[in-house]
Amino acid sequence: MAITSQARSFDTAAASYAANRPSYPSELLDAVEELIGFPLEGACVADVGAGTGLATSLLHDRGAIVVAVDPGPGMASQFRLSLPDVPLVIGDGNNLPLASASIDVVTYAQAWHWTDQRTSVPEALRVLRTGGALALWWNDSDSTVPWIADQDARLRRLFGADDSPHNPTARFRGLPLELGFVHRHVPWTRTVPLDMHLANLASYSDFLVLGKEATNTFIASERDLLAEAFPNQMVEEHYVVSLAVATR
Ligand SMILES: C[S@@+](CC[C@H](N)C(=O)[O-])C[C@H]1O[C@@H](n2cnc3c(N)ncnc32)[C@H](O)[C@@H]1O
């Protein structure tokens, strides 16, 4: 399956992605260990769609032996700057460049939706050893927080999406039931300068394919609105990580 231009759009913004995207809370890694049923320390982990290495770095810090996989050369260059000691292979989840039954945990942090499940599921099952686990997660803004709900509504209008607020359980819809996924939601917050909040927003793939002019117009208007809501220019972002784990 060909990788779409939206899936490849991150490559144009890898440095900004690395600088501004939120990482993940340590509670998420605790939940991963609980649901996979064994510690990450010493486990062989393939972090697929590793991007600039935000999740890889946390897995590495937990003592996992990580191999990263990503199709994007721009993301890969940024990854190698951040994590020069962690191996990264150019490849994708639909055709993993990994030996069969060689991996304890396959992780996808914000990347599973870019794959074609008809091929990425059998590929994940092929590389996992028996008893190994597939762990998928997504970090979404918490739209139960009023200012985030308002911003989400403006984003949905801009991108012509349907007008229902994001529901965290939506991430689990469409996952193959036969794998018996177990689920967990992990809420967390970070407080960042307004500029960083806006740069993070502009690194989302919808903006990367929208083009500079329309992106700059939207971001300028967000700056004005948020400067009123956060007069000290520090924005408290609220997130919910949706985690799904299946054991082979
Ligand atoms: C939103 S980024 C997530 C990066 C990183 N995992 C993180 O948590 O920040 C999505 C990544 O998926 C990668 N990607 C796109 N298509 C893919 C595919 N078919 N298989 C694996 N990764 C893919 C992109 O190159 C990009 O690095």
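This is a short tour of the protein and its ligand, from the whole fold to single contacts.

The model is predicted, so local features need pLDDT of at least 70 and side-chain atom pairs count only at pLDDT 80 or more, while totals for chains, interfaces and linings use all residues. Residues are numbered from 1 along each chain as its sequence is written, and side-chain values use heavy atoms, with hydrogens and water left out.

Begin with the whole protein in cartoon view, where 10 helices and 7 strands can be found (DSSP runs, H or I of at least four residues for helices and E of at least two for strands). The C-alpha trace spans about 55 × 30 × 30 Å along its principal axes.

Next, select the ligand and the 22 residues that surround it, the closest being Tyr-17, Tyr-24, Gly-49, Asp-70 and Ala-109 (a heavy atom within 4 Å).

Now show the polar contacts (pairs of N or O atoms within 3.5 Å). Oxygen atoms of the ligand lie 2.7 Å from a polar side-chain atom of Tyr-17 and 2.7 Å from one of Asp-70, whereas a polar backbone atom of Gly-49 is 2.7 Å from a ligand nitrogen atom. Finally, turn on the surface: the ligand taken alone exposes 600 Å², of which the protein buries 99% (Shrake-Rupley method, 1.4 Å probe).

Methods
Polar contact = N/O pair within 3.5 Å; in protein donor to acceptor, adjacent residues only side chain to side chain.
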